[in-house]
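Student: I'm new to this one, so could you walk me through it? Let me put it up where we can both see it.

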Amino acid sequence: MCSFNLITTMQFTCKIAIFLATILCLSLANAETHHHQFVVQSTPVKRLCKTHNIITVNGQFPGPTLEARDGDTLVVKVINTARYNVTIHWHGIRQMRTPWADGPEYVTQCPIQPGASYTYRFTIENQDGTLWWHAHSKWLRATVYGALIIYPKLGVPYPFPKPNKELPILLGEWWDRDIISVLRQAIFTGAAPNVSDAYTINGQPGDQYRCSSKETTKFYVKSGETLLLRVINAALNQELFLTVANHMLTVVGNDAVYNKPFSTRVIMVGPGQTTNVLLTADQPAGRYYMAARAYHSAQNAAFDNTTTTAILEYTKGATSRPLLPALPRYNDTNTVTAYTSRLRSLAPEKNKVPTHIDEKLFFTVGLGLVNCTPGPRCQGPNNTRFAASMNNVSFVLPRRNSLLQAYYSGNAQGVYTVDFPGVPPVAFDYTGNVSRGLWQPRRGTKLYRLKYGSRVQIVLQDTAIVSTEDHPVHLHGYHFHVVGQGFGNFNPSRDAAGFNLVDPPVRNTINVPVGGWAVIRFVADNPGVWLMHCHIDSHLSWGFAMAFVVENGKGKLQSVEAPPPDLPPC
Ligand code: C2O
């Protein structure tokens, strides 16, 4: 009897254990929901010898790193205790059917006013890699940003050997002056804004700057280890080169899409872009600088020519002088071209390029100048104010309502019009000597309508108006195939023949070559209102933006969800 009892008890315990293990297994395999609270606040931080009050999330600079897996849901309650309106954008998250959580102020929501809060809810669908979050209101993203790291689904390995360590590397740009007053001054005068005082790596300028040695960011590594560096360019206005002394970098991903690995000494990352690189500690034990500085392609324009550094350290506490790497010259476009032309997507089967195109669009992009009568508000070159445009439309944000709310409620009247031109209103020699009569864009809040599922191609053509320049153009709600890039004016017959329709890179932010063009393709499978803009914030403020309204398809799964009840009012 006794032994019988024992066996039954054991069997029973065993069954319970199996049951519990199954539950545990299922819950591990299933997606999780992560809850976070972001308190936007004014925080004193010491940089470059002085204490400054900056806007932060939870008092952290850079802000908190969010980690999730593909398939997870994020619920982030943003409480605004600062004195400015704010919104948060989850850069690169597709936000399928949840444009309400995308973030750009007056585009998908009215801003969260001081004292108010708003909860962003969204699910990560078929994305993994490095993304980031940042304020999308005025220029607050200068200090309000952080990493958003998405791991593959449980049990899915990286398409490269598992690194020993992973490190987010956030490149930033620092102003000694309050960033909102820098913006206000630029808007008032119409002149170019003050350039920054430093670049930063994980919030620290590094020891090439005054009063910054002790705080220099350090990374520790053991000989033979491989690191995965998740590089994010969070700088407000500057594309950046990055390199590590004596170490090769193996590029494995961009904008949360894997690429065919290749190795390089230097990478170039535009604002908004992310690059995942592997670095193996295969050098003599010692200290090595990681360094970043400007890639600045515009002519006759001031820029911050300083270098930010962090230290890669093989032995903790070593004090030997680190080795400083050589960086390309600030205007070394050849290095940029050689680098970007090596990018190829890793999984062409998964990233199928649309070959039939329903919408062939051609957008000129670049700066402009608006004539004005001499005075304090007319401080641009030769009695002008700076402007920027796409297809000659200088984008103006609405104020009374967000574009998405107006669209969803069916009342666009006085908020926007749906007449953004699909091609330039006037054709001209875009990268040649452009006559002065073509330098003044028109202001407007113009959207371009896309049918659900339409296959779209956009030629982004830089212009020589004011100056040619490499622009990092970001599309919200999508990533796209970069099927071609080149210099000069895009020539449909010649250049289309050279398109890569097999394994082009897939990104959410593309740097359009200086005095050149880039061609992108995507399928409009995500309904909503989606901003497209230059991720250099001074250009965005000057009007370098437009928005798509993508109509609903058939049924619930192809339609924008209902707005959340706590969506902020204007
Ligand atoms: Cu990261 Cu509209 O931007």
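Student: Which side chain meets Glu313 in a salt bridge?

Tutor: Keep in mind that we're looking at a predicted model. Glu313 sits in strand 19 (residues 308-313), and its partner is in strand 18 (residues 287-295), 26 residues apart. Both of them are buried. The N to O distance is 2.9 Å, and the partner is Arg287.

Student: How many salt bridges does the structure hold?

Tutor: Side chains of opposite charge can pair when their charged atoms come close. Some are linked in a network, as with Lys260, Arg344 and Asp503. For the structure, the count of salt bridges is 15.

Student: How many residues apart in sequence are Arg230 and Glu166?

Tutor: Their side chains meet in a salt bridge, at 3.0 Å from N to O. Arg230 belongs to strand 12 (residues 226-233) and Glu166 to strand 9 (residues 165-174), so the pair ties together parts whose separation in sequence is 64 residues.

Student: Is Arg230 buried or exposed?

Tutor: The cut-off to remember is that buried means under 20% relative accessible area. Its salt-bridge partner Glu166 comes out as partly exposed, with 27%. Arg230 has a relative accessibility of 2%, so it counts as buried.

Student: Where is Glu551, the salt-bridge partner of Arg449?

Tutor: The side chains of Arg449 and Glu551 meet at 3.1 Å, N to O. Arg449 is partly exposed at 44% relative accessible area, and Glu551 counts as partly exposed at 23%. Arg449 is in strand 24 (residues 447-450), and 102 residues separate the two; Glu551 lies in the segment after strand 32 (545-550).

Student: Let's turn to the sheets. Which strands are the edge strands of the open sheet with the order 3-8-7-5?

Tutor: Four strands form that sheet, with mixed pairing, and the twist averages 20° from one strand to the next. An edge strand here pairs on one side only. That description fits strand 3 (66-69) and strand 5 (88-91).

Student: What is the bridge partner of Ala68 in strand 8?

Tutor: Strand 3 and strand 8 (residues 145-151) run parallel and are joined by four bridges. Follow Ala68 across to strand 8 and you land on its partner, Ile150.

Student: Why is strand 4 largely enclosed by the rest of the structure?

Tutor: Strand 4 pairs with strand 1 (residues 33-47) in the parallel sense over eight bridges, and seven bridges join strand 4 to strand 6 (residues 117-123), which runs antiparallel to it. The reason for calling strand 4 (residues 73-80) largely enclosed is its burial: of its eight residues, the number buried is six.

Student: Which residue stands opposite Thr73 in strand 6?

Tutor: Strand 4 has bridge partners in more than one strand, so let's take an example from each. On the strand 1 pairing, Phe38 has Val78 of strand 4 as its bridge partner. Across in strand 6, the residue opposite Thr73 is Thr123.

Student: One last stop. Is Ser394 buried or exposed?

Tutor: You'll find Ser394 in strand 22 (residues 393-395). Leaving out residues up to four places away in sequence, Ser394 touches several others, including Ala387, Pro441, Arg443 and Trp542. Its relative accessible area is 5%, so Ser394 is buried.

Technical notes
Residues numbered from 1 in each chain as written. Predicted model: local features only at pLDDT ≥ 70, side-chain atom pairs only at ≥ 80, totals over all residues. Heavy atoms only, no water. Pairing = 2+ DSSP bridges. Axes fitted to C-alpha atoms, helices over the stretch in contact; angles between N-to-C directions. Buried < 20%, exposed > 50% of the residue type's maximum accessible area, 1.4 Å probe, protein only. Contact = heavy atoms within 4.5 Å. Salt bridge = Lys/Arg side-chain N within 4 Å of Asp/Glu carboxyl O.
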